[in-house]
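Dear colleague,

Here is the structure I promised to pass on. Please open it first; my notes follow below.

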Amino acid sequence: MLITLPKLPFFFFFFLFHISFSQTTPTLVRNAHVINFRSPNLYPESLTWDPQGHHFLLGSLRHRTIVAVSDAGKVETFISDPALPSDVSFFGLAVDSPRHRVLAVVNRHDPPFNALAAYDLNSRQRLFLSTLPSFNDSPSAANDVAVDNHGDAFVTNSAGNFIWKVTADGDASVFSSSPLFANNHDHNADQNAPYGVLGLNGIAYVSNGYFLVVQSSTGKVFKVDEKDGTAKTVVLNEDLIGADDIAVRSDGVVLVVSPTNKLWFLRSQDSWAEGVVYDKVELDLRRFPTSVTVGTKERVYVLYGHLSEGKMKDSERESFGIAEVRSKKEGSDERIWMLILVGMGLAYFLFWKFQMSKLVNKMNQKIN
């Protein structure tokens, strides 16, 4: 009786097929997600992703409202707070999922009004409104907010270059006024230049005990300790001039967006003592992208809120956008890993075939 080589199990071919398509589908097949929506004179400055509601939340330059925008572009007024002064804007937003809250920076330029509001995501009722205190007669312009694991919120001051802290119960105080913020900032910059005098702006919490904060005028990134507010300048391979907002993916990749520049992808191997810009993506600057967030399945989205146009009092607009942005270099890495995995599978197949051939030959020799 002649013994023949057994067929390779079906699961092996299924494995190769699954690996190939699971690696290529997100980058090569699926189109980038683009949401075009309509909301009269919304002019949103920031957005955040609400994983509980499975929608984006956006503030407004013109209205005392926070709107929810679905994946399909359906718009709903999520928060309406007519008790606030009529001429305030909602700037930075942050979702505090464990406590089912959204935190919103409330700002007015003249006369100055700076506060942080907290709203319950279920009832949509305001939980508190905390006025942000002045510090050493410094100018104040509350801009962005991030929340830590304890529910404490941290708000950047773009005019005075310091950071406020608002506890989970609403108690507000000055948290960090590191000299690094002022030393890096050029107070003699051209005030008419984009972001010429705008200081600390976007802020993001990193789960192991610190924040990353961007400074628009200098393009610097600061690492700020969550406990004592001490700051260090992150050493980067380039300055992120015009940086407006910052977000962190679960894999540690940091995203920084500028309405006058681009979207940067950054990585660090030493908890942000140093970092590197490993990719830069051009954006539609005519639509003034001011915010970046991480949505479902770790997808990166930027907001096209036309804020520069919205600052002109006589402007009127209904259409705005949220667009997914991808790193081409990350896509290349995915394809490389796919090829490596398929190559390993083929190598395993050839090795298996060789070993089985030797075994079959030995068995046939014994039979003969």
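**Charges over rings**

K223 lies over the face of Y210, and the distance to the ring centre is 4.4 Å. Bear in mind that this is a predicted model. A second case involves arginine: R267 places its charged end over the ring of Y278, 3.9 Å from the centre.

**The chain as a whole**

The protein chain has 24 strands and four helices. It holds 368 residues, and 51% of them count as buried. Its accessible surface is about 18,000 Å². Carbon and sulfur atoms account for 54% of that surface. Now the contacts between residues at least 6 apart in sequence: 51% of these join residues at least 24 apart.

**A four-stranded sheet**

One open sheet has four strands, in the order β1-β24-β23-β22. The pairing is antiparallel. Which strands stand at the edges? They are β1 (34–38) and β22 (289–294). Each has a single partner strand, so one side of each lacks a neighbour in the sheet. On average, neighbouring strands here are turned by 20 degrees against each other, direction ignored.

Look at the β1 edge. β1 and β24 (residues 319–324) run antiparallel and are joined by five bridges. Within this pairing, V34 stands opposite A323 of β24.

**Aromatic pairs**

How many aromatic pairs does a search of the whole structure find? Twelve. One of them is formed by F37 and F320. The pair is tilted, with 6.1 Å from centre to centre and 35 degrees between the planes. It links distant parts of the chain: F37 belongs to strand β1 and F320 to strand β24, 283 residues apart. Are these two residues buried or exposed? Both F37 and F320 are buried.

There is also an aromatic cluster, made up of F154, F175, Y205 and F211.

**The β14–β15 hairpin**

Two members of that cluster, Y205 and F211, come up again here, since Y205 stands opposite F211 in β15. Strand β14 covers residues 200–206. Seven of its seven residues are buried, so β14 is largely enclosed by the rest of the structure. Its partner β15 (residues 210–215) pairs with β14 in the antiparallel sense, over five bridges. Three residues lie between the two strands of this hairpin. G209 takes a positive phi there, near 95 degrees.

**The loop with S268**

Where is S268 found? It is in the loop between β20 (263–267) and β21 (276–281). The relative accessibility of S268 is 21%, so it counts as partly exposed. The cut-off matters here, because buried means under 20%.

Leaving aside neighbours within four places in sequence, S268 is in contact with A273, E274 and G275. S268 and V254 are 14 residues apart in sequence. In space, their C-alpha atoms are 8.8 Å apart.

**Where to look**

Three places to open in the viewer: the F37 and F320 pair, the hairpin of β14 and β15, and the loop that holds S268.

Best wishes

How values were computed:
Residues numbered from 1 in each chain as written. Predicted model: local features only at pLDDT ≥ 70, side-chain atom pairs only at ≥ 80, totals over all residues. Heavy atoms only, no water. Pairing = 2+ DSSP bridges. Axes fitted to C-alpha atoms, helices over the stretch in contact; angles between N-to-C directions. Buried < 20%, exposed > 50% of the residue type's maximum accessible area, 1.4 Å probe, protein only. Contact = heavy atoms within 4.5 Å. Areas by Shrake-Rupley, 256 points an atom, 1.4 Å probe, with all protein chains shown as cover. Phe/Tyr/Trp six-rings, centres within 6.5 Å; stacked < 30°, edge-to-face > 60°. Lys NZ or Arg CZ within 6 Å of the ring centre and 35° of its normal.
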